[in-house]
Amino acid sequence: MRTKRDKLLCVAALITFIIGSINAAEYFLAGKDYLYKKTAIVEKVTHALHENRKGILYEETTIWLQQVKGKFYVYDKADDGGHVEVEKGDTVTVYARKLLQPLYNYDYRSNLFYVEGNGRMIYNNLAQWKAPAFTYMCISLGCSLFLLIMYLDQVKNVSISNWWQQRMTNKKKNEG
């Protein structure tokens with residue numbers, strides 16, 4: 001007989017499997033064209049430096065585009081990609097995280113990963129977008145496998161120890 005706990009195990013395994021699968025597809029298959037793409041004129045740009053407790057400098061670049069709601073931002077080490085070289089009045093194409101991507105990829109440091117201007121690349125940090133996808137893919141699929149094993153053990157009485165005992169019993173019957 002199934003209980004609420006058994007159903008919850010099944011639902012949790014399914015949800016973590018879906019999250020892991022979406023992250024896997026994003027990691028292995030998606031390119032910059034999978035991101036939200038918008039071409040517009042830069043209305044405002046800010047650059048801010050922050051120092052953490054260990055003395056490492058981080059830079060945050062925030063870009064607002066004309067006639068586009070919201071802002072695009074990058075937050076990374078100052079010497080490793082936190083600076084986007086654009087100025088007010090430049091026409092740029094930005095590639096940023098889509099609205100629903102934070103539901104399965106929980107990296108909130110940046111939402112801007114690629115910038116083009118005048119037909120050339122200004123900023124490219126697609127690796128920072130794909131790295132969390134790999135991490136969450138591994139974590140989610142691992143949790144999904146663990147929850148599936150728990151579900152099979154609780155509901156179907158299929159566990160490694162039961163399987164091993166049945167195998168040994170069958171082996172003894174075949175020998176004797």
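1. Which residue follows H2, and what is the sign of its phi? The residue is Asn157, whose phi is positive, near 55°. This note concerns a predicted model, and the points below take up its helices, its cores and several individual residues.

2. Two further residues share this feature of the backbone. Gln67, in the loop between E2 and E3, has a phi near 60°, a positive value in a residue other than glycine. Asn118, in the loop between E5 and strand E6 (120–124), has a phi near 55°, again positive in a residue other than glycine. Gln67 is exposed, because its relative accessible area is 82% and the cut-off for exposed is over 50%. Asn118 also counts as exposed, at 76% relative accessibility.

3. The helix H1 covers residues 4–29. Its 26 residues should span 38 Å at 1.5 Å a residue, and its end C-alpha atoms are 37 Å apart, so the expected and the computed values agree. Several residues of H1 are buried, including Asp6, Leu9, Ala13, Ile19, Gly20 and Asn23. What do the buried residues of H1 pack against? Their partner is helix H2 (126–155).

4. Thr16 offers a detailed view of H1, the helix in which this residue lies. With a relative accessible area of 18%, Thr16 is buried, because the limit for that class is under 20%. When residues up to four places away in sequence are not counted, Thr16 touches Ser140, Leu141, Cys143, Ser144 and Leu147. Of these contacts, Ser140, Ser144 and Leu147 appear among the buried residues of H2.

5. H1 also contributes to the surface. Leu14, Phe17, Ile18, Ile22 and Leu141 make a nonpolar patch of about 410 Å². Helix H1 provides the largest share of the patch, four residues. Phe17 has its place in H1 and counts as partly exposed, at 43% relative accessibility. A student may set this patch beside a general tendency: in soluble globular proteins, nonpolar side chains tend to be buried together.

6. H2 has 30 residues and reaches 43 Å from its first C-alpha to its last, close to the 44 Å expected at 1.5 Å a residue. Among its buried residues are Leu126, Trp129, Pro132, Ala133, Met137 and Tyr151. Which elements do the buried residues of H2 pack against? They pack against H1, E3, E5 and E6.

7. The largest nonpolar core has 15 residues, and within this core Leu65 and Val115 touch the most other members. At least two residues of the core come from each of strand E1 (36–51), strand E2 (57–65), strand E3 (72–77), strand E4 (91–96) and strand E5 (112–117). E4 gives the most, with three residues. Apart from this core lies another, of seven residues, among them Ala30, Leu35, Tyr95 and Trp129.

8. The contacts of Leu65 give a closer picture of its surroundings. Leaving aside neighbours within four places in sequence, Leu65 is in contact with Ala40, Ile41, Val42, Glu43, Phe72, Val92 and Val94.

9. Is Val84 buried or exposed? Val84 counts as buried, because its relative accessibility is 0%. The residue is found in the loop between E3 and E4. Leaving aside neighbours within four places in sequence, Val84 is in contact with His47, Thr61, Ile63, Val74, Val115, Ile122 and Tyr123. The C-alpha atoms of Val84 and Ile19 are separated by 31 Å, and these two residues are 65 residues apart along the chain.

10. How many salt bridges does a search of the whole structure find? The search finds one. In this salt bridge the side chains of Glu116 and Lys32 meet, at 2.6 Å from N to O. The pair links distant parts of the chain, since Glu116 is in strand E5 and Lys32 is in the loop between H1 and E1, 84 residues apart. Lys32 counts as partly exposed, at 23% relative accessibility. As a general point, side chains of opposite charge can pair when their charged atoms come close.

Technical notes. Residues numbered from 1 in each chain as written. Predicted model: local features only at pLDDT ≥ 70, side-chain atom pairs only at ≥ 80, totals over all residues. Heavy atoms only, no water. Patch = residues over 30% accessible without salt bridge, like charges linked within 9 Å, V, L, I, M, F, W, Y side chains within 5 Å. Areas by Shrake-Rupley, 256 points an atom, 1.4 Å probe, with all protein chains shown as cover. Salt bridge = Lys/Arg side-chain N within 4 Å of Asp/Glu carboxyl O. Buried < 20%, exposed > 50% of the residue type's maximum accessible area, 1.4 Å probe, protein only. Expected span 1.5 Å × (residues − 1). Contact = heavy atoms within 4.5 Å. Core = buried A, V, L, I, M, F, W, Y, C linked by side-chain atoms within 4.5 Å.
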